[in-house]
Amino acid sequence: MTEDDPTDEISELEERIEDLAEIAERCRRIILGSKVAIAAGFVLLIVAILGLLGDSPAAALGAIALVLGGIVSLGSNVSTLRQTEAAISVAEARRARLIGSIDLRVVHDAPLKLM
């Protein structure tokens, strides 16, 4: 391969895109878990306020901690997901430019060989 041949860089970009896609999927799962934690925290807080779990303030504090932890996790992973999706877009655009720069040849002029 020549130095002008971008196939190695295309392969590296494809690996990077796959890695970034895995990171994005992990962020989506964590975002879903964060939303579940926030909802569960609110439900637990309402149950604690209504006194259905007794007069324990620990349940209310735990519910508040669950809601706040879910919010922090949600915010962090949403921003990471946005950055990852932007990086994927940049890598895909670079890959498309590299593929477009390859001087492809049509092979329909080649003779057919049968055994």
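A residue counts as buried under 20% relative accessible area, as exposed over 50%, and as partly exposed in between. Keep that scale in mind, because Gly-62, at 36% relative accessibility, is partly exposed by this rule. We will come back to Gly-62 later in the tour. What you have open is a predicted model.

**Stop 1: the whole chain**

Show the protein chain as a cartoon. How many helices and strands does the protein chain have? You should find two helices and zero strands. Now turn the view around: the C-alpha atoms fill a box of roughly 85 × 35 × 15 Å along the principal axes. The radius of gyration is 26 Å, whereas a compact globule of 115 residues would come near 13 Å. Switch to a surface, and about 8700 Å² is exposed, with carbon and sulfur atoms supplying 62% of that area. Buried residues make up 21% of the chain.

**Stop 2: the two helices**

Select residues 7-50 for α1 and 57-101 for α2. From its first C-alpha to its last, α1 reaches 64 Å with its 44 residues, close to the 64 Å expected at 1.5 Å a residue. Helix α2 has 45 residues that should span 66 Å at 1.5 Å a residue, and its end C-alpha atoms are 66 Å apart, so the two values agree. Just after α1, click on Gly-51, which takes a positive phi of about 80 degrees.

**Stop 3: the largest nonpolar core**

Which residues form the largest nonpolar core? Select Ile-10, Leu-13, Ile-17, Ala-91 and Leu-98 and show their side chains. Both α1 and α2 supply at least two residues of this core, and α1 gives the largest share, with three. Zoom in on Leu-13: setting aside residues up to four places away in sequence, Leu-13 touches Ala-91, Arg-94, Arg-95 and Leu-98.

**Stop 4: Leu-20**

Stay on α1 and move along to Leu-20. Is Leu-20 buried or exposed? Its relative accessibility is 7%, so Leu-20 counts as buried. Beyond its neighbours within four places in sequence, Leu-20 is in contact with Thr-84, Ala-87 and Ile-88. Try a distance label here: the C-alpha atoms of Leu-20 and Ile-88 are separated by 6.4 Å, although the two residues are 68 apart along the chain. For the chain as a whole, 79% of the contacts between residues at least 6 apart in sequence join residues at least 24 apart.

**Stop 5: Asn-77 and the buried side of α2**

Next, select the buried residues of α2: Ala-59, Ala-63, Val-67, Gly-70, Asn-77, Leu-81, Thr-84, Ile-88, Ala-91 and Leu-98. What covers these residues includes α1. Now pick out Asn-77, which sits in α2. Why does Asn-77 count as buried? Its relative accessibility is 12%, and the cut-off for buried is under 20%. A polar atom of the Asn-77 side chain lies 2.9 Å from the backbone oxygen of Ser-73. Leaving out residues up to four places away in sequence, Asn-77 touches Cys-27, Ile-30 and Ile-31.

**Stop 6: back to Gly-62**

Finish with Gly-62, another place to click in α2. With 36% relative accessibility, Gly-62 counts as partly exposed. Draw a C-alpha to C-alpha distance from Gly-62 to Lys-35, and you will find 16 Å in space for 27 residues in sequence.

Notes:
Residues are numbered from 1 along each chain as its sequence is written. This is a predicted model: local features need pLDDT of at least 70, side-chain atom pairs count only at pLDDT 80 or more; totals for chains, interfaces and linings use all residues. Side-chain values use heavy atoms; hydrogens and water are left out. A nonpolar core is a set of buried Ala, Val, Leu, Ile, Met, Phe, Trp, Tyr and Cys residues joined through side-chain atoms within 4.5 Å. Buried means under 20% relative accessible area, exposed over 50%, partly exposed in between (1.4 Å probe, protein chains only). Helices (H or I, at least four residues) and strands (E, at least two) are DSSP runs, numbered from the N terminus. Contact means heavy atoms within 4.5 Å. The expected span of a helix is 1.5 Å times one less than its number of residues. A polar contact is a pair of N or O atoms within 3.5 Å; within protein, one must be able to donate a hydrogen and the other to accept it, and residues adjacent in sequence count only if both atoms are side-chain atoms. The radius of gyration is taken over C-alpha atoms; the globule rule is 2.2 Å times the number of residues to the power 0.38. Accessible areas come from the Shrake-Rupley method with a 1.4 Å probe; for residues, only the protein chains shown count as cover.
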